[in-house]
Amino acid sequence: MDIIKDKDLIKTHSYIDGQWREGDSKITVTNPATGEKVASVSDASVTDANYAVESAKKALKLWSSKSATERANLMRKWFDLMMAHQGDLAKILTLEQGKPLAEAKGEIAYGASYIEWFAEEGKRVYGDTIPALAGDKRIVVIKQPVGVVASITPWNFPNAMIARKAAAALAAGCTFVGRPASQTPLSALAMAELAERAGIPSGVFNIVVGDDAIGIGKVLTQHPDVAKFTFTGSTAVGKQLIAQCATTVKKVSMELGGNAPFIVFDDADIDAAVEGALVSKYRNAGQTCVCTNRIFVHRDVQETFTEKFVSAVQKLAMGNGMKDGVNVGPIISSKAVADVDALVKASISDGASLMLGGESGELGDTFYQPTILTNVTNDMPIARNEIFGPVSPIIPFDTEEEVIAMANATEYGLAAYFYARDIGRVWRIAESLDFGMVAINEGIISNAAAPFGGVKQSGSGREGSKYGLDDYMELKYLCMGGI
Ligand code: SIN
């Protein structure tokens, strides 16, 4: 941590009710690139989680009664501070998560952009008037904050996933309790330090770092004072959390797993498709929910695409994300590498061919080489499961109908990508893909102005955009009579 200029950004206790709360035991944060210890962080308990919810409840009245402009001004300061400390925040992120420093900088700007966006959007929470059915009545609809929001967020975007949820919550007038992944708590705690410097009042933004995922998860999903629960993570865990939330009928939004198809049609600009596949697949070493999971290529352009794609992937440099020029960092743990490798091996034994990569290499067991498999079919393990690693399975197709059927043959429905130029085809395919987000001739889909979210078992609700506040607000219908 010597490389961090502003040492006060390195926080090692949970942030609850405006205080740094020391715990009895410690969680060790490890650099996945080197296995070295980065920091020891207090391990918060269920009692701490309950206290955080109570603090958020206590702060609710003050925060929700501020005007949208007052909240926006404080959030704007938070955004400015995050951008002013982008370099340090990015280094903290790379040290605990592993992604290349340039990508980490991008994530800080991406996370901060949600704070900026929602600060402004909070000023545009309009209600409605509805013509009444009787002359002496009026119907008015107002929007109010839901109350205390609790979240659980993953290690793959330690800053942006919290920012995306907390920014919408705070802009709507809600208070927030977040549990970041125990592998990557330092980014969340640094955000809390900057929220405090920005003047966001005590109890409005709380971060609980604790290894007791089940105990703390139960508090956040079952506490009667939590009005809304939001989660980003796997579909399997999301289902359990939804069930827990049912006990108190919480408002829920879920951003769960994906199995994104990336389709290259015969009329596509092949160079652009190669570039899109590269970023959508190998960003964060393939560890994003919207990462390309299956590459479908029209048989007529398969050879050209594969040749160019292999040559582009060969140029990617794998290594410690702190080193200049590295494009692909480590995977979060050796267990995660073993899971990716098992999918690759199982698919090879089912008939897939290894074109590139397929092993950890010399850097150690938290790395996995950028890998390409050909002769893949849509029923192989590598195509059926969310890979969460730097592996591209290439599957040929002949017709639009065939590829749409294969792309949609998954329980997931988060992101999909396709490359084509024919305008009729572009509309047909965009409308036929059963996914919440469709990128057309584009490899990067995420930004604060757009509604991020999935259909089917990829989740519910939308984050970001003008729709993103809806999940954090209740509609209240006022019926005025006797006029
Ligand atoms: C995720 O992987 O869950 C989020 C990816 C993104 O925001 O682009």
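**View 1. F176 sits in strand β8, which spans residues 175-179.** Everything shown here and in the views below comes from a predicted model. Is F176 buried or exposed? With a relative accessibility of 0%, F176 counts as buried, because the cut-off for buried is under 20%. Leaving aside residues up to four places away in sequence, F176 touches A56, V149, S151, I162, K165, A166, A169, L170, V204, F205 and N206. For a sense of scale, take Q369, which is 193 residues from F176 along the chain: their C-alpha atoms are separated by 39 Å.

**View 2. Helix α7 (residues 213-222) and what covers its buried residues.** The buried residues of α7 are G215, I216, G217, V219, L220 and T221. What lies over them? The cover includes two helices to look for, α1 (46-64) and α8 (235-246). Strands β7 (148-152), β8 and β10 (226-232) are also part of that cover. Strand β8 is the one that holds F176 from the previous view.

**View 3. Helices α2 (residues 68-84) and α4 pack with their axes within 8 Å.** The two axes cross at roughly 165°. Angles over 145 degrees count as roughly antiparallel, and α2 and α4 are therefore roughly antiparallel to each other. The crossing of α2 past α4 is left-handed. On the α2 side, look for A72, M75, R76, W78, F79, M82 and M83. They meet I108, A109, G111, A112, S113, I115, E116, F118 and A119 in α4. Sorted by class, this α2 contact with α4 has 12 nonpolar, 2 polar and 2 charged residues.

**View 4. Helix α4 (residues 101-121) also meets helix α3 (residues 86-97).** How do the axes of α3 and α4 cross? They come within 8 Å and cross at roughly 120°, and that makes α3 oblique to α4. Here α3 passes α4 in a right-handed crossing. From α3, the contact uses Q86, G87, L89, A90, K91, L93 and T94. From α4, L101, A104, K105, E107, I108 and A109 take part. By class, there are 7 nonpolar, 3 polar and 3 charged residues in the contact of α3 with α4. If I108 and A109 look familiar, that's because they are also among the α4 residues that meet α2.

**View 5. Strands β3 (residues 26-30) and β4 (residues 37-42) run antiparallel.** The two strands are joined by 5 bridges. To find your way along the pair, start at T28, whose bridge partner in β4 is S40. The hairpin has 6 residues between its strands, and in it G35 takes a positive phi near 80°.

**View 6. Three strands make an open sheet in the order β5-β6-β20.** Pairing in this sheet is antiparallel. Which strands stand at the edges? They are β5 (128-130) and β20 (473-480), each with a single partner strand, so one side of each is left without a neighbour in the sheet. Direction ignored, neighbouring strands are turned by 25° against each other on average. Over 3 bridges, β5 pairs with β6 (residues 138-145) in the antiparallel sense. A handy landmark is I130, which stands opposite I139 in β6.

**View 7. A sheet of 7 strands is open, with mixed pairing.** The order of strands is β14-β15-β16-β13-β12-β17-β18. At the edges stand β14 (353-356) and β18 (437-440), and each has a single partner strand, so one side of each lacks a neighbour in the sheet. From one strand to the next, the twist averages 25°. Within the sheet, β12 (residues 260-264) and β13 (residues 292-298) pair in the parallel sense over 5 bridges. P261 has R294 as its bridge partner in β13.

**View 8. Helix α11 (residues 334-349) lies across β14, β15 (371-374) and β16 (391-397).** The helix runs at about 25° to β15. These three strands belong to the sheet of View 7.

**View 9. T306 is found in helix α10 (residues 302-314).** With a relative accessible area of 8%, T306 is buried. Apart from residues up to four places away in sequence, T306 touches M355, T374 and I394.

Methods
Residues are numbered from 1 along each chain as its sequence is written. This is a predicted model: local features need pLDDT of at least 70, side-chain atom pairs count only at pLDDT 80 or more; totals for chains, interfaces and linings use all residues. Side-chain values use heavy atoms; hydrogens and water are left out. Axes are lines fitted to C-alpha atoms, for helices over the stretch in contact, and angles run from 0 to 180 degrees between N-to-C directions. Helices (H or I, at least four residues) and strands (E, at least two) are DSSP runs, numbered from the N terminus. Angles under 35 degrees count as roughly parallel, over 145 as roughly antiparallel, 65 to 115 as roughly perpendicular and the rest as oblique. A crossing is left-handed if the near helix is turned anticlockwise from the far one by less than a right angle, and right-handed if clockwise. Contact means heavy atoms within 4.5 Å. Ala, Val, Leu, Ile, Met, Phe, Trp, Tyr, Cys and Pro count as nonpolar, Asp, Glu, Lys and Arg as charged, and the others, Gly among them, as polar. Two strands pair if DSSP finds at least two bridges between them. Buried means under 20% relative accessible area, exposed over 50%, partly exposed in between (1.4 Å probe, protein chains only).
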